[in-house]
Amino acid sequence: QYHPLNPDSLRQVLSDLPSLAIRLGGAPSDWNIREVSDGNLNSVWLVHGPSGSLCAKQSLPHVRVDPSWKMPLDRTTFEAGWLQAVAPLVPDMVPEFLHFDPQLFLLVTACLDDHVTFTEALAKGMDPAPVASQIGRFVAQTTFHTSWRGGPFENMARLEGFFSGNTTLTRITVDLVLTDPYHDHPRNHYHPALKPLVNQLHIDPAIHRSVCHMQSQFFTAREALLHGDLHSGSVMVDRNGASVIDGEFSCIGPIGFDCGMFVASLILASFAAPTEARRNQIRQAAPIFHQSFLKAYCDEWLHSDAKTDLAPAFLTRDDAAEIQRQQQEECDRITTDTAGFAAMEIIRRLTGYAHTSHFDNLPETEKGQKQYQALSFAIQLLSDLKTAPENLFPHGKTAL
Ligand code: SR1
Ligand code: MG
């Protein structure tokens, strides 16, 4: 029977699960349970015992930060499914799956002790290049091997059957990312300095044409299993590298959606940076991510020995020129999607419901100026999707 947990009831639930109780060690009364809920949707606790630790996450029947916004509980079901689907592909880049309780909608994973979010690390001055490169490989591995090229079509059909059920959170993406910023919606809010640009978002036909195109891509390009919310808060980092969490928005869709979300976080952080040098350093991480993604994606295509339904002539890999032509075509398309979705993610993080924290500590006037620059850049990208890839990745659109 579902009930929202608190530290005492969570302690009871965990003590009834032998493998988790053994992992934590000692008696349940020895366990330290700390609530660290931070995202918009769920309750999260870190549990430490004498021998080990874990992270517990439970869905609430509403948006955590807005109890009047009611919501079905099934999001942790999809997060658990996502984690189990991608863990074999990127075992070192996700926390270990430990347990899922479908009645309590409770997901238990390894605890990422000593990690901080990539958002926090960026604010503290971390060099973003290694994480950008690692997340490029993460997106390549997870998308290639869940696409039709990465396995028999039955794999994709199975994933599609399960993840197309994630309509609750996909609805949030459709509303908050793909729709609301382009009209007057009561959930939208923004810095007053952005008003002229917000007006443009509501009426500019070139922008609306691009929005329709990106919506069409989102709904019709059923390319691979996506994380679905790959912003810098979904990436945990420590000195050894990055781990991706929070796959509750997972769905089947265009690969450029995950790429665009991550690139948008870098662009937002770069516009918020305190100095020109820091701004350039973070800005440079966007093409580093992109090149890393393209290289890893094409490497998988060439070297993966998974059984696939690729036309037999290409399976032999004899016709190098033709394979390269196909890869270029595919990568160009993903890159254009990346630019379009990055622009839409930047726009919604500045003018929609759920904002980014990158600008939070700036004085009001500077915040308005920097957000204005970021929003102008995103509008420029979205206004012309043909030139957007070169504007976003000036030093190499899709250099394979
Ligand atoms: C009501 S949920 C708002 C946002 O938080 C999540 O992290 C997603 O980005 C979503 O769009
Ligand atoms: Mg999240």
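How many residue pairs are in polar contact across the interface of domain 1 and domain 2? In this predicted model, the rule finds three such pairs across that interface, with both residues of each pair at pLDDT 80 or more. The briefing below begins with how the chain is divided, then turns to the interface, and ends with the sheet and the helices that lie on it.

**The two domains**

- The chain is divided into domain 1, which covers residues 7-109, and domain 2, which covers residues 116-392.
- When the centres of domain 1 and domain 2 are taken over C-alpha atoms, 27 Å separate them.

**The interface between the domains**

- On the side of domain 1, 25 residues are in contact with domain 2, and on the side of domain 2 the residues involved number 30.
- Domain 1 and domain 2 bury about 2,200 Å² between them, and 71% of this area is on carbon and sulfur atoms.
- Of the area that domain 1 buries against domain 2, 34% is supplied by Phe78, Trp82 and Met93, which is more than any other three residues supply.
- Besides the three polar pairs, the count of salt bridges between domain 1 and domain 2 is two.
- A salt bridge joins lysine 57 to glutamate 248, and the closest N and O atoms of this pair are 3.7 Å apart.
- Strand E5 (66-70) and helix H3 are the elements that give two or more residues to the side of domain 1 that touches domain 2, and H3 gives the most, with eight residues.

**The sheet**

- Five strands form an open sheet, in which the order is E1-E2-E3-E7-E6 and the pairing is antiparallel.
- Strands of a sheet pair through backbone hydrogen bonds, and the pairing can be either parallel or antiparallel.
- Strand E1 (32-35) and strand E6 (97-101) are the edge strands, each of which pairs on one side only, while the twist from one strand to the next averages 20°.
- Strand E6 pairs with strand E7 (residues 106-109) in the antiparallel sense over four bridges, and phenylalanine 100 has leucine 107, in E7, as its bridge partner.

**Helices against the sheet**

- Helix H1 (residues 7-15) packs on the sheet, where H1 touches E1, strand E2 (43-48), strand E3 (53-58) and E7, and the direction of H1 makes about 60° with that of E2.
- Helix H3 (residues 75-86) lies across E3, E6 and E7, and runs at about 150° to E6.
- Helix H3 therefore appears under two topics, as it lies across strands of the sheet and also gives eight residues to the side of domain 1 that touches domain 2.

Key
Residues numbered from 1 in each chain as written. Chains lettered and ligands numbered in written order. Predicted model: local features only at pLDDT ≥ 70, side-chain atom pairs only at ≥ 80, totals over all residues. Heavy atoms only, no water. Pairing = 2+ DSSP bridges. Axes fitted to C-alpha atoms, helices over the stretch in contact; angles between N-to-C directions. Contact = heavy atoms within 4.5 Å. Domains from an automatic or database assignment. Buried area = accessible area lost by both parts, 1.4 Å probe. Salt bridge = Lys/Arg side-chain N within 4 Å of Asp/Glu carboxyl O. Polar contact = N/O pair within 3.5 Å; in protein donor to acceptor, adjacent residues only side chain to side chain.
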